[in-house]
Amino acid sequence: MCVAIYPGSFDPVTNGHLDIVRRAEKLFNRVIVAVASTPRKSHLFTPQERVELLSRSLRHASLDRSPLYSTWIDSFDGLLTDYAKRIGATVIIRGLRAVADFEFEFQFTLANRDMDPTLEFVHLMTGKDNLYTSSSLVREIAHFGGDVSRFVPPPVKEALERKYGKRSDQGA
Ligand code: COA
């Protein structure tokens, strides 16, 4: 059985991430969407909140009712390679949007492969509707009271409104 991890900070999950999950579950027996934290970023949502939002978003998108559904949600601390070994995963899935992602992904893949040469990395291209979506873009739009419904599933939109407060309620 081929177990694949789709790791990310998912702060918060966007429609682009859901698109990758949809594609990944066609390819692997089990996909573990794994929430991680990275010292490179400060996070808006706690790991628990990010896991909860992922789970509600997958449910909302009816992904959990798809006949192919084989996705679990988890979180981990520490190195991705250690986590993969611990749960017996052999594949890491990464989403690719624009060319700009390539340099980071190249470095990320090679560094992880150095740490564990048994892991394979599969890069899936995001659908064109989500090519420029990112979690920080969504956070910034929400922070200033903009409409993020084009970028995120409704449970995330509601969570962002709760986090930042609804600007319209404040008369902004
Ligand atoms: N659609 C929309 N947005 C997408 C996307 C898609 N398909 N794929 C990625 N993104 C966005 C994310 O929202 C994120 O946006 P942000 O930078 O504005 O927050 C950005 O692209 C990068 O996301 P991602 O590819 O998930 O990387 P990340 O920096 O959020 O997470 C980890 C990286 C957590 C997977 C990585 O740091 C890790 O493995 N950490 C564990 C520790 C470790 O092993 N480190 C060694 C690394 S060599």
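## Ligand contacts and sheet

A backbone N or O atom of Thr133 sits 3.0 Å from a nitrogen atom of the ligand. The model is a predicted one. Side chains also approach the ligand: an N or O atom of Lys41 is 2.8 Å from a ligand oxygen atom, and a polar atom of Ser135 is 2.7 Å from an oxygen atom of the ligand. The table lists these three contacts.

| Residue | Protein atom | Ligand atom | Distance |
|---|---|---|---|
| Thr133 | backbone N or O | nitrogen | 3.0 Å |
| Lys41 | side-chain N or O | oxygen | 2.8 Å |
| Ser135 | polar side-chain atom | oxygen | 2.7 Å |

On its own the ligand exposes 940 Å², and 86% of that is buried by the protein. The ligand is surrounded by 25 residues, of which Ser9, Leu80, Arg94, Ser135 and Ser136 are the closest.

The protein also contains an open sheet of five strands with parallel pairing, in the order β3-β2-β1-β4-β5. Its edges are β3 (71-75) and β5 (120-125); each has a single partner strand, so one side of each lacks a neighbour in the sheet. On average, neighbouring strands are turned by 30 degrees against each other, direction ignored.

Within the sheet, β1 (residues 3-8) and β2 (residues 30-35) run parallel and are joined by six bridges. In this pair, Ile5 stands opposite Ile32 of β2.

Helix α2 (residues 47-60) packs on the sheet and touches β2 and β3, with its direction at about 170 degrees to that of β3. Helix α4 (residues 100-115) lies across β4 (91-96) and β5, and runs at about 170 degrees to β4.

Definitions and conventions
Residues are numbered from 1 along each chain as its sequence is written. This is a predicted model: local features need pLDDT of at least 70, side-chain atom pairs count only at pLDDT 80 or more; totals for chains, interfaces and linings use all residues. Side-chain values use heavy atoms; hydrogens and water are left out. Two strands pair if DSSP finds at least two bridges between them. Helices (H or I, at least four residues) and strands (E, at least two) are DSSP runs, numbered from the N terminus. Axes are lines fitted to C-alpha atoms, for helices over the stretch in contact, and angles run from 0 to 180 degrees between N-to-C directions. Contact means heavy atoms within 4.5 Å. A residue is near a molecule or strand if one of its heavy atoms lies within 4 Å of it. A polar contact is a pair of N or O atoms within 3.5 Å; within protein, one must be able to donate a hydrogen and the other to accept it, and residues adjacent in sequence count only if both atoms are side-chain atoms. Accessible areas come from the Shrake-Rupley method with a 1.4 Å probe; for residues, only the protein chains shown count as cover.
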